Each structure stands twice: as structure tokens, then as C-alpha cells.
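Reader: I would like a close look at a single part of this fold. Pick one strand and take me through its surroundings, step by step.

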Amino acid sequence: IDEKRDDILNIWLTQGGEVFINDQPLTMNQVRPIVAPLYSASARRLVVSIRSDRDVPYRLVDEMQEQLKAAGVVRVVFATELEQRMTRARR
């Protein structure tokens, strides 16, 4: 998913509710009208990758999912990064 491919649409959500699609700032209400034609034009091959950090309120992620559902998108992934340092409790 991290490869640059034509059939992946990256959506970033920020803690403050900002939305970026392929680095273009948008409002949440602009997501459906932008994504729906892209999804149709790709013959439903488009994969939408939602990226955010752990501080983004879940209500924003849920709202994004609703926008994508309204656009007819069924191929959605949640991209995360593994923590660089894994700590383990010592006994």
C-alpha cells in the first residue's frame, strides 16, 4: 500500500479535522463528490487508504467512513505505522 500506484487514493485526517486527499486540503463534505467519480472511473479498482495518527478522534474516522460509503467505495484500508520502539516490561 505504501508504493506509489495509480489505483490508491490517500486520505489524511488530522486531529483538528482537516482532510487531505493526495495532499490537497478539503472539507469532509467534499470527500464524497470527489471520490465517487474517481472510484467509478477506476472500474472499482481504486483502493482508498485512510491515514491518521492515534490522536485523531474516532468520530472523524467514522465520518470519513460514512462519506466513503456514500460514494460507493468498498475498498478501504487503514494505514498505520508501527511504533519505532517496542518496549517490553522487565520482570
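Author: This is a predicted model. Start at Gln67, which touches Met28, Asn29, Val31 and Arg32, leaving aside residues up to four places away in sequence. Gln67 sits in helix α2. Its relative accessibility is 16%, so Gln67 counts as buried; the cut-off for buried is under 20%.

Two of those neighbours lead to the next helix. Helix α1 covers residues 31-41, and helix α2 covers residues 58-70. The two pack at an angle of about 45°, with their axes 8 Å apart. α1 and α2 are therefore oblique to each other. Their crossing is right-handed. On the α1 side, Val31, Arg32 and Val35 make the contact. On the α2 side, Met64, Gln67, Leu68 and Ala70 do so. By type, the contact residues of α1 with α2 divide into five nonpolar, one polar and one charged.

Now the sheet. It is open, has five strands and follows the order β3-β2-β1-β4-β5. The pairing is mixed. β3 (24-26) and β5 are the edge strands, and each pairs on one side only. From one strand to the next, the twist averages 30°.

The strand to look at closely is β4. Strand β4 spans residues 47-51. Five of the five residues of β4 are buried, so the strand is largely enclosed by the rest of the structure. In a regular strand, side chains alternate between the two faces of the sheet. Both faces of β4 are covered. Val47, Ser49 and Arg51 are buried on one side. Val48 and Ile50 are buried on the other.

Next, the partners of β4. Strand β1 (residues 8-13) runs parallel to β4, and five bridges join them. Within that pairing, Leu9 stands opposite Val48 of β4. Strand β5 (residues 76-79) also runs parallel to β4, joined by four bridges. Here Ser49 has Val77 of β5 as its bridge partner.

Go one strand further, past β1. Three bridges join β1 to strand β2 (residues 19-21), and these two run antiparallel. Ile11 has Ile21 of β2 as its bridge partner.

The helices come back in at this point. α1 packs on the sheet and touches β1, β2, β3 and β4. The direction of α1 makes about 20° with that of β2. α2 lies across β1, β2, β4 and β5. Relative to β1, α2 runs at about 145°. β4 is thus among the strands touched by α1, and among those α2 lies across.

Last, follow the chain out of β4. Ser52 is found in the loop between β4 and α2. What is its exposure? Ser52 has 32% relative accessibility, so it counts as partly exposed. Contrast the residues of β4, where five of the five are buried. Ser52 touches Leu13 and Val61, not counting residues up to four places away in sequence. Leu13 falls within the span of β1, residues 8-13. Val61 falls within the span of α2, residues 58-70. Ser52 and Ile11 are 41 residues apart in sequence, but 8.5 Å apart in space, C-alpha to C-alpha.

To recap, β4 pairs in parallel with β1 and with β5. Both of its faces are covered.

Technical notes:
Residues numbered from 1 in each chain as written. Predicted model: local features only at pLDDT ≥ 70, side-chain atom pairs only at ≥ 80, totals over all residues. Heavy atoms only, no water. Axes fitted to C-alpha atoms, helices over the stretch in contact; angles between N-to-C directions. Parallel < 35°, antiparallel > 145°, perpendicular 65-115°, else oblique. Left-handed = near helix turned anticlockwise from the far one by under 90°. Contact = heavy atoms within 4.5 Å. Nonpolar A, V, L, I, M, F, W, Y, C, P; charged D, E, K, R; others polar. Buried < 20%, exposed > 50% of the residue type's maximum accessible area, 1.4 Å probe, protein only. Pairing = 2+ DSSP bridges.
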